[in-house]
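Trainee: I would like to work through this model step by step. Can we begin with the packing inside?

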Amino acid sequence: MAKASVRRYYFTHPGNIGVYGKTQSGKTTLIFDLIRNRDIMFRDKNDDPVSYKSVWVLHGVASQPLYEKLQVDVPTVTFYRSFPTEPIEEIIREENRPALIFIDDQEELLQISGENKVKNLVNRDCHHLDMLVIMSFQSLFPRGNESLNIQRQFDVYIFMTFPGNNNIKLKLEKILGERKLANLIVKIWRKWTGKRGGYMLIDLHLDKIEAHENILAWTKVLPQDQDEEDSPYLLMKKFRQ
């Protein structure tokens, strides 16, 4: 199959994205680049670009230079300290949707706040309330069942680093729930995450996999990274032969 026949990658709205990477792996930089390119990178189920009415960053640390730079590039972004105790629909009202939400490295706070509230936002509320939720984690294999249950909810996974663990396939299988899929991922994981800022994107939307002629994994999907022949990708059928 010629690369030119492959359409560019885009994220589906509403929905959710889980981003995994160690400190300084470049995950926040990547997510902020997605936010800056939100009019290009996100489409609804009718394949139309999404015009977000609001952008939110729910963060657990004090302001940092990356936040300040995003505020300059996206003046309408709202920074919210910690995770809301109120229902999310009371914070992000209907007139402010569709909304793009980034939950930045709040795994510990989320466990304290309660698993159900976070899981509902990721799995149910984002679809019912017209939202796209991006959530970042430093650990691919978290402590406790609460965090693991949350991590199983995502439609799209972005891996920024390779853990280098001998049991990586078994542990990844616990998150994705499928052994064959875990084996596929490990084959290209090392290559695409070899440099800082490199990543591997796994999209589990079956309809999109079919539309992209069995493409399972992507990298370099941002507009500034894509050349005329599309971004690198992994074909599922290659590993089924």
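**Packing, helix and loops**

Mentor: Start with M200. Beyond its neighbours within four places in sequence, M200 is in contact (heavy atoms within 4.5 Å) with Y157, I158, F159, I185, I188, W189, W192, T193, A217 and W218. This is a predicted model: local features need pLDDT of at least 70, side-chain atom pairs count only at pLDDT 80 or more, and totals for chains, interfaces and linings use all residues. Residues are numbered from 1 along each chain as its sequence is written, and side-chain values use heavy atoms, with hydrogens and water left out.

Trainee: Which residues touch the most other members of the largest nonpolar core?

Mentor: A nonpolar core is a set of buried Ala, Val, Leu, Ile, Met, Phe, Trp, Tyr and Cys residues joined through side-chain atoms within 4.5 Å. Buried means under 20% relative accessible area, exposed over 50%, and partly exposed in between (1.4 Å probe, protein chains only). The largest core has 37 residues, and those touching the most other members are M131, F159, W189 and M200.

Trainee: Which helix gives the most to this core?

Mentor: Helices here are DSSP runs of H or I with at least four residues; strands are runs of E with at least two, and both are numbered from the N terminus. One helix, residues 179-192, gives eight residues to the core, the most of any: α9.

Trainee: Which residues of α9 are buried?

Mentor: In soluble globular proteins, nonpolar side chains tend to be buried together. In α9, the buried set is L181, A182, L184, I185, V186, I188, W189 and W192.

Trainee: Where is the kink in α9 centred?

Mentor: Take the length before the bend. α9 has 14 residues and reaches 21 Å from first C-alpha to last, close to the expected 20 Å (1.5 Å times one less than the number of residues). A bend is the angle between axes fitted to the seven residues ending at a residue and the seven starting there. The kink in α9 is about 30°, and its centre is V186.

Trainee: How far apart in helix α3 are D73 and K69?

Mentor: Their side chains meet in a salt bridge (a side-chain nitrogen of Lys or Arg within 4 Å of a carboxyl oxygen of Asp or Glu), at 3.4 Å, N to O. D73 is partly exposed at 36% relative accessibility, and K69 is partly exposed at 47%. Both sit in α3 (residues 65-73), separated by about one helical turn because they are apart by four residues.

Trainee: Is D125 buried or partly exposed?

Mentor: D125 forms a salt bridge with R124, with the closest N and O atoms 3.0 Å apart. R124 has 40% relative accessibility, so R124 counts as partly exposed. D125 has 13%, so D125 counts as buried.

Trainee: Which salt bridge partner does D47 meet?

Mentor: D47 lies in the loop between β3 (42-43) and β4 (54-59). Its phi is near 70°, a positive value in a residue other than glycine. D47 is partly exposed at 30%. Its side chain meets its partner at 3.1 Å, N to O, and that partner is R43.

Trainee: What is omega for the cis peptide bond from R97 to P98?

Mentor: P98 lies in the loop between α4 (88-91) and β6 (99-104). Another cis bond runs from H13 to P14, with omega near -5°. For the bond from R97 to P98, omega is near 10°.
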